[in-house]
Amino acid sequence: MIDRRRFMQSSAALGAFVATWSASGSRTSAVGRPEIVVVDRQLAGSAAFLAERRSRGLATLEFTGDVAGLWMRELEPRLRLGPVVIEGHTSAATEFCLEFLARDYGARTVRRAESAAAVTWVLSSSPARRAALAPIASRGSEYHA
């Protein structure tokens with residue numbers, strides 16, 4: 001028979017194990033080479049950032065100020081297809097918005113460096129972190145009434 005004290009100790013130990021296991025598992029998951037680089041052209045240092053990323057052969061997507069169109073045309077469809085690593089050089093507000101929108105697809109910021117002019121970040125998605133009700137790409141994705 002288990003007494004209340006032993007039950008509480010076991011529960012606390014299990015909770016600590018699950019918390020450290022899921023946290024370490026998400027951190028140690030390989031963050032590969034960025035597949036997409038997103039840059040706000042109006043920020044200081046964006047030209048140098050773009051040139052360096054292009055010299056490494058990375059696909060770059062540029063915008064000025066408002067990232068909404070880029071999100072709808074390029075980023076969200078790519079996240080819908082599966083895991084992706086996105087690197088960015090944007091304002092802190094834009095980085096926050098993109099991470100917030102990408103959460104449904106299991107994405108989160110895994111690296112972030114902030115300067116006076118901009119934020120450089122890496123966003124990585126994983127099917128394991130995907131929201132339960134996030135849309136999934138399928139063959140018959142058209143709406144049928």
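Here is a short, friendly note on the sheet in this predicted model and the helices that pack on it.

1. A word on the ground rules. Local features need pLDDT of at least 70 and side-chain atom pairs count only at pLDDT 80 or more, while totals for chains, interfaces and linings use all residues. Residues are numbered from 1 along each chain as its sequence is written, and side-chain values use heavy atoms, with hydrogens and water left out.

2. Start with the sheet. Five strands (DSSP runs of E, at least two residues, numbered from the N terminus) make an open sheet, ordered β2-β1-β3-β5-β4, with mixed pairing. At its edges are β2 (59-63) and β4, each of which pairs on one side only. Pairing here requires at least two DSSP bridges between two strands.

3. Next, look at β4 and β5. Strand β4 (residues 107-114) pairs with β5 (residues 119-125) in the antiparallel sense, over seven bridges. Four residues lie between these strands, and together they form a hairpin. To find your way along the pair, note that R111 stands opposite V122 in β5, and A113 opposite T120.

4. Now add the helices (DSSP runs of H or I, at least four residues). Helix α2 (residues 46-55) lies across β1 (36-40), β2, β3 (85-90) and β5, and runs at about 165° to β1. Helix α4 (residues 92-102) also packs on the sheet, touching β2, β3, β4 and β5, and its direction makes about 5° with that of β5. Contact means heavy atoms within 4.5 Å; angles run from 0 to 180 degrees between N-to-C directions, with axes fitted to C-alpha atoms, for helices over the stretch in contact.
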